[in-house]
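This report goes through the disulfides of the model shown below, then the core and one helix.

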Amino acid sequence: MNLLLSFTFPSFLGGVEMSKSCKGLAMELVKCLSESDCIKIENRPYKECAGEKSPSIPSECVGLRETYFNCKRGQA
């Protein structure tokens, strides 16, 4: 696992345990966000950027975020 992902992953998720199906989506979301202007240029926290809309984050990240949140919602 990438050092950036291993460092930010738990804090981004609030340290919550999750099934492997949602964990993969969360990792993809963190990876996508790490390439966004919100993180790279604006130097904002992942948690803040995850709540942003386009153009601060790419539409791909917005789609991953929605899929991840739907996955988490389905586990409740």
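## Cys-22 and Cys-71

In this predicted model, Cys-22 and Cys-71 are joined by a disulfide with 1.9 Å between their sulfur atoms. The bond connects distant parts of the chain: Cys-22 lies in helix H2 (residues 20–34) and Cys-71 in helix H5 (residues 59–75), 49 residues apart. The angle about the S-S bond of Cys-22 and Cys-71 is -95°, and the link is left-handed. Cys-22 and Cys-71 are each buried.

## Cys-32 and Cys-61

Helices H2 and H5 also carry the partners of another disulfide, Cys-32 in H2 and Cys-61 in H5, with their positions 29 residues apart in the chain. The sulfur atoms of Cys-32 and Cys-61 are 1.9 Å apart. The disulfide of Cys-32 and Cys-61 is left-handed because the torsion about its S-S bond is about -100°. Both cysteines of this pair, Cys-32 and Cys-61, are buried.

## Cys-38 and Cys-49

Cys-38 is bonded to Cys-49 with an S to S distance of 2.0 Å. This pair too links distant parts of the chain, Cys-38 being in helix H3 (residues 37–40) and Cys-49 in helix H4 (residues 46–50), eleven residues apart. A torsion of about -85° about the S-S bond of Cys-38 and Cys-49 is the reason that the disulfide is left-handed.

Cys-38 has a relative accessible area of 0%, so Cys-38 is buried. Cys-49 is buried as well, because its relative accessible area is 0%.

## Pairing pattern

The count of disulfides is three. With the bonded cysteines of the protein numbered in sequence order, they pair as 1-6, 2-5 and 3-4.

## Nonpolar core

What is the size of the largest nonpolar core, and which residues have the most contacts inside it? The core has 17 residues, and Leu-33, Cys-49 and Ile-57 are those with the most contacts within it. At least two residues of this core come from each of H2, H3, H4 and H5. H2 contributes the most, with six residues.

Leaving aside residues up to four places away in sequence, Ile-57 touches Leu-33, Ser-36, Cys-38, Cys-49, Glu-52, Val-62 and Arg-65. The contacts of Ile-57 thus include both cysteines of the Cys-38 to Cys-49 disulfide. They also include Leu-33 and Cys-49, which are named with Ile-57 among the residues with the most contacts inside the core.

## Helix H2

H2 is 15 residues in length and spans 21 Å from its first C-alpha to its last, close to the 21 Å expected at 1.5 Å a residue. The buried residues of H2 are Cys-22, Ala-26, Leu-29, Val-30, Cys-32, Leu-33 and Ser-34. An α-helix has 3.6 residues a turn, so residues three or four places apart point the same way. Among the buried residues of H2 are Cys-22 and Cys-32, which are bonded to Cys-71 and Cys-61 respectively.

Is Glu-28 buried or exposed, or partly exposed? Glu-28 is found in helix H2, and it is partly exposed because its relative accessible area of 41% falls between the limits of 20% and 50%. The C-alpha atom of Glu-28 is separated by 9.3 Å from that of Tyr-68, a residue 40 places away along the chain.

Definitions and conventions. Residues are numbered from 1 along each chain as its sequence is written. This is a predicted model: local features need pLDDT of at least 70, side-chain atom pairs count only at pLDDT 80 or more; totals for chains, interfaces and linings use all residues. Side-chain values use heavy atoms; hydrogens and water are left out. A disulfide is a pair of cysteine sulfur atoms within 2.5 Å. Helices (H or I, at least four residues) and strands (E, at least two) are DSSP runs, numbered from the N terminus. Buried means under 20% relative accessible area, exposed over 50%, partly exposed in between (1.4 Å probe, protein chains only). A nonpolar core is a set of buried Ala, Val, Leu, Ile, Met, Phe, Trp, Tyr and Cys residues joined through side-chain atoms within 4.5 Å. Contact means heavy atoms within 4.5 Å. The expected span of a helix is 1.5 Å times one less than its number of residues.
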